[in-house]
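Welcome! Let us take a walk through a protein model together, going from the overall plan to a few chosen residues. Have the structure open as you read.

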Amino acid sequence: MADQNESIPAQEQAAAQDPAAQQNAQLLALLNRLFGEAAFTDVEESYGLLTVTTTREQIHGIIAGLQKDEELQLNFLTTLCGMHWPAQEGRELGIVYHLHSLTRNIRLRLKIFFPIADPVAPTLTDLYAAANWMEREAFDFYGIIFPGHPNLMRILNVEDMDYHPMRKEYALEDGTREDKTDQFFGR
C-alpha cells in the first residue's frame, strides 16, 4: 500500500505499474466518453474494483449501453442486490449491480440510491434473464419495486409478510432477554 505522504507523481507511477489500476483508468475513461462525466456522481476503486454511482433514471440506459458496447461486452450480471442505509436521508435505499465481461475479464460495480418513500428502480429483466430472481430478492427483502418485472413477488419469505426483513428498522436482539449474558458472546 502506498504511503499517504508520497507525492502525487509517485502515486501515479505506482498506479501505472498496477495492471488493475490501469484497466480501471481505461474503463473510467471509456465510461466518461460513452455517457459523459456528469452521469456518475461518485467514483471509487475499492479492492481494485472500479465502482461508480449514478441515478436510477440513468441506470437502465447505462447498463444497456455497456452490454451492447463491442469494446466492453459486459454481458454477465453477476449480482444485483439491495441495500439500506437509514442514516442517509433521501438516499436510504440503493441497489448494487456487478457486471462482468467474460471475454475481456472486465468487472464493474454500479450503484444507485433513492429515498425509502419512493422505492422504485427500473427492471433489468429485458437485458439479463438472471435479473429476474435477483430483483425478486431485492423486492422481498428491501421492498424495492421494479416496474415491468414479469413476476414481482416474494421469493423466499411468505406472501402475507407485511415487512421487509433486511431493512435496518428492527432491533438485532431482544433487549429484555435474561438468558443471555455478554460474557458468552465476546462482548
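This report covers the overall layout, the sheet, one helix, the salt bridges and a single loop residue.

## The overall picture

What you see is a predicted model. How confident is the prediction on average? The protein has a mean pLDDT of 89, and 87% of the residues score at least 70. Confidence is highest in β4, at 98, and lowest in helix α1 (residues 8-17), where the mean is 61. A helpful habit goes with such numbers: where pLDDT is low, the predicted coordinates should not be read in detail.

The protein contains 4 helices and 5 strands. Starting at the N terminus, you meet them in the order α-α-β-β-α-β-β-β-α. Of its 187 residues, 36% count as buried. If you take the contacts with a separation of 6 or more, 52% of them come from residues 24 or more positions apart.

## The sheet and the helices on it

Now find the strands. They make an open sheet of 5 strands with mixed pairing, in the order β1-β2-β5-β4-β3. Which strands sit at the edges? They are β1 (42-46) and β3 (76-84), each of which pairs on one side only. From one strand to the next, the twist averages 20 degrees.

Inside the sheet, β2 and β5 pair in the parallel sense over 4 bridges. Thr54 has Ile112 in β5 as its bridge partner. Helix α3 packs on the sheet, where α3 touches β2, β4 and β5, and its direction makes about 165 degrees with that of β5. Helix α4 lies across β3 and β4 and runs at about 5 degrees to β3.

## A closer look at helix α3

Helix α3 spans residues 56-68, which gives it 13 residues. From its first C-alpha to its last, α3 reaches 19 Å, close to the 18 Å expected at 1.5 Å a residue.

Which residues of α3 are buried? They are Arg56, Ile59, Ile62, Ile63, Ala64 and Leu66. As you look at that list, keep a general point about helices in mind: an α-helix has 3.6 residues a turn, so residues three or four places apart point the same way. The cover over the buried residues of α3 includes α2 (19-35), β2 (49-54), β4 (93-101) and β5 (106-114).

## Salt bridges

Side chains of opposite charge can pair when their charged atoms come close. This structure holds 5 salt bridges, and the table shows some of them.

| Salt bridge | N to O distance |
|---|---|
| Asp118 and Arg56 | 2.6 Å |
| Asp140 and Arg154 | 2.5 Å |
| Arg167 and Glu169 | 3.8 Å |

Begin with Asp118 and Arg56, whose closest N and O atoms are 2.6 Å apart. This pair links distant parts of the chain, 62 residues apart: Asp118 belongs to the loop between β5 and α4 (131-142), and Arg56 to helix α3. Is each partner buried or partly exposed? Asp118 has 34% relative accessibility, so it counts as partly exposed. Arg56 has a relative accessible area of 16% and is therefore buried, because the cut-off for buried is under 20%. Arg56 and Asp118 are also linked with Glu57 in a network of salt bridges.

Next come Asp140 and Arg154, whose side chains meet in a salt bridge at 2.5 Å, N to O. Asp140 lies in helix α4 and Arg154 in the segment after α4, so this salt bridge ties together parts that are 14 residues apart in sequence. Both Asp140 and Arg154 are buried.

In the pair of Arg167 and Glu169, the closest N and O atoms are 3.8 Å apart. Arg167 counts as buried at 14% relative accessibility, whereas Glu169, at 42%, counts as partly exposed.

## A residue in a loop

Finally, look for Ala39, which has its place in the loop between α2 and β1. Is Ala39 buried or exposed? With a relative accessible area of 3%, Ala39 is buried.

What does Ala39 touch? Leaving out residues up to four places away in sequence, Ala39 touches Thr53, Thr54, Gln58 and Ile62. You have already met two of these: Thr54 is bridged to Ile112 in β5, and Ile62 is one of the buried residues of α3. Gln58 is 19 residues from Ala39 along the chain, and their C-alpha atoms are separated by 7.5 Å.

Terms used. Residues numbered from 1 in each chain as written. Predicted model: local features only at pLDDT ≥ 70, side-chain atom pairs only at ≥ 80, totals over all residues. Heavy atoms only, no water. Helix = DSSP H or I, 4+ residues; strand = E, 2+ residues; numbered from the N terminus. Expected span 1.5 Å × (residues − 1). Buried < 20%, exposed > 50% of the residue type's maximum accessible area, 1.4 Å probe, protein only. Contact = heavy atoms within 4.5 Å. Salt bridge = Lys/Arg side-chain N within 4 Å of Asp/Glu carboxyl O. Pairing = 2+ DSSP bridges. Axes fitted to C-alpha atoms, helices over the stretch in contact; angles between N-to-C directions. pLDDT = per-residue confidence, 0-100.
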